[in-house]
Amino acid sequence: MRAGELAERVRARVPDVTVARGEVTAVVDRTRLLAELAGLRDDGDLAFDFLSSVTATDWPGRVPRYWVSYELSSTLHRHRLRVKVGIAEDDARLPSVTALFPTADWHERETFDLYGIVFDGHPNLTRILLPDDWEGHPLRKTEELGGVNTRYKGAFVPPVDRRTT
Amino acid sequence: MPVERLPGLHEGRATSDVEQEVRRGVLLTTLDRAVSWARKQSMWPVTFGLACCAIEMMATGAGDYDLSRWGMELFRASPRQADLMIVAGRVSQKMAPVLRTVYDQMPEPKWVISMGVCASAGGMFTNYAIVQGVDSIVPVDVYVPGCPPKPEMLMYGILRLHEKVRTQGRVR
Amino acid sequence: MSGSPAIRDLEPDGSGELRQETMVINMGPQHPSTHGVLRLLLELDGENVVSCRPIVGYLHTGIEKNCEYRTWQQGIAYVTRADYLSPFFNELGYCLAAERLLGIEAPPRAQVLRVLFCEMNRIASHLVWLATTGLELGAISMMLYGFREREIVLDIFEAATGLRMNHSYFRIGGVIMDLPPDGPTKIRELLRLMPGRIGEYERILSQNPIWIERNRGIGTLSADRALALGVTGPMLRAAGPARDVRKDEPYCGYETYEFDVPTATEGDCYARYAVRIEEMKQSLWIVEQCLDRLAEPGPVMVEDPKLRWPAQLEVGPDGIGNSPAYVRHIMEESMEALIHHFKMVTEGISVPAGEVYQPVESPRGELGYYLVSDGGNRPYRVKIRDPSFVNLQAVPSMLEGALVADVIAVIASVDPVMGGVDR
């Protein structure tokens, strides 16, 4: 289905749909996330049954701060859709979609690990990429890039811009 | 035999003691050289390939750039049976304790080659996730720069290590 | 028999039955057979695997965070090291996504070169897979054969890009250099050699009873389970569905090339092996078609001076660098060119605000790049949807009821590259 026609179909379900650069993006409210994803999957003409990726972007200073995006595609019709949900800084929680798409398991763990967004209903929401006792969520814009702490016997090398040697 | 008296070293000792020490030194030096030569002839690396440099390390061990010429094609999986650790690739914070554990499990004498810039100094990844140089975790003997170093570069680093072992090896 | 305390301990309830426990052992992260720093927590009942939990993150490099602090062009050097066995695919996904944000397209010759190098990278990656899988399952000489062929491909890469791995060859707007004059000759030599060599591998392995025993019926993953778990690439195609991004959502002109997408139906390790061998042959076919299209010369980088990489690079005796003619031009001939070069290198290009998801078909599956720009000269968010990250989720379900030896075969058939998994 071409992007324009797809956008019309999706707009019938979810009002907030934009088309840019050949891609269709639908913005969904967090309370309706599971219902909308299930609807998009079960609709015969849309049939978005494959979840490629779940990720988040941090826009500090904007409200809502975190935007979680789900990349959906259809194995039947071969079209793509992006579903985005905006969540506020002080209430960074979303329902987990692992019941609908089992592949979201590790994607949501990674988003939790790097951004601190909690997914309610996830079977095992623990850190996946960073050590289990790591403090902080590094991909947030408010966190610094260069922690050059070598976590061994207290050795410390300052970040690049503050080194003297 | 007349022995040159070195100031500070031979004060207050009898000539026969000094002679004995010199003879003992000569014997041990010869033994040093023999053992060091043997050690460098078949240094077995432990498999510690982490990232891209690991692929180049495997290519160095494969047919085209054969490490078997120096008796090193046998990468031991168990650190207890290895005497060289080639840290090939970027060491993340999560991997650092594992690196130290494997190093500690290797028996003496052991050497470390830090292969690639990521292992030597953090490489291009100056960020929260990568240890900026494994020499803050293990003592390194030879640093091989490159991203990744070509197999010839790694071989050169290995040969320099062999030279180091041959000339500076000590039995006692 | 039930006299000593040790024996008594084993019979807790006095029934005479020995107490049985499962054993939890750790495989990795330093292990010769886990394809990198993958850690598997195996719960074993004797030789049977009761459960398996993969633990990743031992190679987490913070590539995504680092890209946010570098210009758009510098990001290529970072992402190319994510999945280090298929660097061209990383660069391709990133560059295509950035080009879509910019609304430009690389010139046709650049697109042909991109397809050419990507398909050769696919062959090289599958050769490493074959080499390491053979080594782990006992066919040790496969290691040497795989790397021998790979050296031919890496020779071509080195002549064309200056580097054997992690090339930074694809740039936003095209590729950085054209092929060297002897490039097509070397590639034709590769095309002449490879079919015979692939035939050799098939003669060694395909009907080998040990290979069949270790691979057939092992690690079966059905198609619907694979799709639910988000598995893509040869792992999915070995179970049936012919999903390939090159056919479903073509990029770089793939719709104009003739090639087949090999599939199998059993979904076990042997099927994955067969699919990958066939993919190597299909890639050779595509490389041949690319060579025919390279007969006419043309530009390899967009013309727009605000976007194109200003320098002309050249592979010299000590590696890749600015060509002497270009250095003379900016240092001696033209001040404007020097200023322009300086600005492009330090400040980089500005990409309009927006977001884009670009999938490419890497040797391991769907490699997706989700790029967000806020209009500046640095990426705002670079998300790499790596196929190995998602494919590893399928490992526990593939290992249900398997033996410890099957763990090796299954992990090898997934072909994970931990650089992509952990980024």
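## Helix α4 of chain C

The expected span of a helix is 1.5 Å times one less than its number of residues. Let's try that on helix α4 of chain C in this predicted model. Helix α4(C) covers residues 87-102, which makes 16 residues, so the expected span is 22 Å. The C-alpha atoms at its two ends sit 23 Å apart, and that agrees with the expectation.

Is α4(C) mostly covered or mostly open? Mostly covered: 16 of its 16 residues are buried. Right after α4(C) comes G103(C), a residue with a positive phi, near 80°.

## How confident is the prediction?

For chain C, the mean pLDDT is 87. In that chain, 95% of the residues reach 70 or more. As for the model's scores, ipTM comes out at 0.87 and pTM at 0.88.

## A look at chain A

Chain A has 165 residues, and 39% of them count as buried. Its secondary structure is made up of three helices and seven strands. Start at the N terminus and you'll pass through them in the order α-β-β-α-β-β-β-β-α-β.

What about contacts along this chain? Take those in chain A with a separation of 6 or more: 46% of them are between residues 24 or more positions apart.

## Where chain C touches chain A

These two chains meet through 31 residues of chain C, which are in contact with 23 residues of chain A. On the chain C side, the elements that give two or more residues are α2 (63-67), α9 (223-228), β8 (354-362), β9 (365-373), β10 (381-385) and α15 (387-391). Which of them gives the most? That's β9(C), with four residues.

The chain C side of this contact is a mix: 12 of its residues are nonpolar, eight are polar and 11 are charged.

## The sheet in chain B

Over in chain B, four strands make an open sheet, with parallel pairing. The strands are lined up in the order β1-β2-β3-β4. Why do β1 and β4 have one side without a neighbour in the sheet? Both β1 (45-46) and β4 (142-144) of chain B stand at the edges and have a single partner strand each, so one side of each is left without a neighbour there.

Further in, take the pair formed by β2 (residues 84-88) and β3 (residues 111-115) of chain B: they run in the parallel sense and are joined over five bridges. To see one of the partnerships for yourself, find A88(B), whose bridge partner in β3(B) is M115(B).

Terms used: Residues numbered from 1 in each chain as written. Chains lettered and ligands numbered in written order. Predicted model: local features only at pLDDT ≥ 70, side-chain atom pairs only at ≥ 80, totals over all residues. Contact = placed C-beta atoms within 7 Å. Nonpolar A, V, L, I, M, F, W, Y, C, P; charged D, E, K, R; others polar. Pairing = 2+ DSSP bridges. Buried ≥ 20, exposed ≤ 12 C-beta atoms within 10 Å, placed from the backbone. pLDDT = per-residue confidence, 0-100.
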